[in-house]
Amino acid sequence: MADSEPPVSPVEGASTGDFNDALGLEFVSVGPDEVVLRLPIGPHLHQPYGIVHGGAWCAAVETAASVGAATWLADRGNVVGVSNHTDFLRAVREGTVTVRATPIHRGHTQQLWLVELHDETDRLVARGQVRLQNLETAGTLASPTPG
């Protein structure tokens, strides 16, 4: 994407946000059943010991789950995170991490998404679950899309 082009939002009507830009998150694919992001690792994500800060993993997990949940809910409402449980499994200092989110449960009021982060050699480096609240747009959640 050229510098003069505005960022394309992964969710209709939502901003990509400066936070995602600061992290360096790249949207690879976005759909209601899977979201894939890429996260280039660099010093801007390191904690004082030179490895990725756990907050970066949490932010990537929440972003991927939220975008997937919002894509699935579409124009029936909005979603907000209720909980984020992220486990840090392996230290990473450099390279690119792939972030993949898939739904575990999608209901009338809440969704639960699983997010796994793998390094360039496909080792699992972090894993998270995000619970999201579906916020109804007046009268739209009475009959959600099955899933």
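Where does Thr137 lie? Thr137 is found in the segment after E6, and it gets a close-up of its own further down. Please keep in mind throughout that this is a predicted model.

**Figure 1. The whole chain: two helices and six strands.** Welcome to the overview, which sets the scene for the close-ups. Following the sequence, the elements come in the order α-β-β-α-β-β-β-β. The protein chain has 147 residues, and buried residues make up 38% of them. Among contacts with a separation of 6 or more, 61% join residues 24 or more positions apart. Two kinds of side-chain pairing are worth a count here: the structure holds four salt bridges, while the number of aromatic pairs is zero.

**Figure 2. Helix H2, residues 54-73, and its span.** Here is a helix whose length can be checked by hand. At 1.5 Å a residue, its 20 residues should span 28 Å, and the end C-alpha atoms are indeed 28 Å apart, so the two values agree. H2 is also mostly covered, with 16 of its 20 residues buried.

**Figure 3. Ala74, just after H2, with a positive phi.** Step off the end of the helix and you meet Ala74, in the loop between H2 and strand E3 (77-88). Its phi is near 55 degrees, a positive value in a residue other than glycine. Is Ala74 buried or exposed? The answer falls in between: Ala74 has a relative accessible area of 42%, so it counts as partly exposed.

**Figure 4. Arg76 over the ring of Trp72.** This view pairs a charge with an aromatic ring. The charged end of Arg76 sits 4.8 Å from the centre of the Trp72 ring. Arg76 also turns up in the next view, where it is one of the residues that Thr137 touches.

**Figure 5. Thr137 and its contacts with Asp75, Arg76 and Gly77.** We return to the residue of the opening question, in the segment after E6. Leaving out residues up to four places away in sequence, Thr137 touches Asp75, Arg76 and Gly77. Thr137 and Arg76 are 61 residues apart along the chain, yet their C-alpha atoms are separated by 5.7 Å. For Gly77, look at the backbone: its nitrogen lies 3.5 Å from a polar atom of the Thr137 side chain. Thr137 counts as partly exposed because its relative accessibility is 38%.

**Figure 6. A salt bridge between Arg38 and Glu26.** The side chains of this pair meet at 3.0 Å, N to O. The link joins distant parts of the chain, with Arg38 in strand E2 (residues 35-41) and Glu26 in strand E1 (residues 26-30), 12 residues apart. Arg38 has 37% relative accessibility and so counts as partly exposed. Glu26, at 32% relative accessibility, is likewise partly exposed.

**Figure 7. A salt bridge between Asp33 and Arg106.** In this pair the N to O distance is 2.9 Å. Asp33 belongs to the loop between E1 and E2 and Arg106 to strand E4 (residues 95-106), which puts the partners 73 residues apart. How do the two partners fare in terms of exposure? Asp33 is partly exposed, at 47% relative accessibility, whereas Arg106 is buried, at 13%.

**Figure 8. Asp119 and Arg123 in a salt bridge.** Our next stop is Asp119, in the loop between strand E5 (110-118) and strand E6 (124-136). Its side chain meets that of Arg123 at 2.7 Å, N to O, and the two side chains are also listed as a polar contact at 2.7 Å. Asp119 has a relative accessible area of 12%; buried means under 20%, so Asp119 is buried. Arg123, by contrast, is partly exposed, with a relative accessible area of 39%. Beyond its neighbours within four places in sequence, Asp119 is in contact with Arg90, Thr96 and Val125.

**Figure 9. Asp122, a positive phi in the loop between E5 and E6.** The last view stays in the loop that also holds Asp119. Asp122 is not a glycine, but its phi is positive, at about 70 degrees. Its relative accessible area is 58%, and exposed means over 50%, so Asp122 counts as exposed.

How values were computed. Residues numbered from 1 in each chain as written. Predicted model: local features only at pLDDT ≥ 70, side-chain atom pairs only at ≥ 80, totals over all residues. Heavy atoms only, no water. Phe/Tyr/Trp six-rings, centres within 6.5 Å; stacked < 30°, edge-to-face > 60°. Lys NZ or Arg CZ within 6 Å of the ring centre and 35° of its normal. Helix = DSSP H or I, 4+ residues; strand = E, 2+ residues; numbered from the N terminus. Buried < 20%, exposed > 50% of the residue type's maximum accessible area, 1.4 Å probe, protein only. Polar contact = N/O pair within 3.5 Å; in protein donor to acceptor, adjacent residues only side chain to side chain. Contact = heavy atoms within 4.5 Å. Expected span 1.5 Å × (residues − 1).
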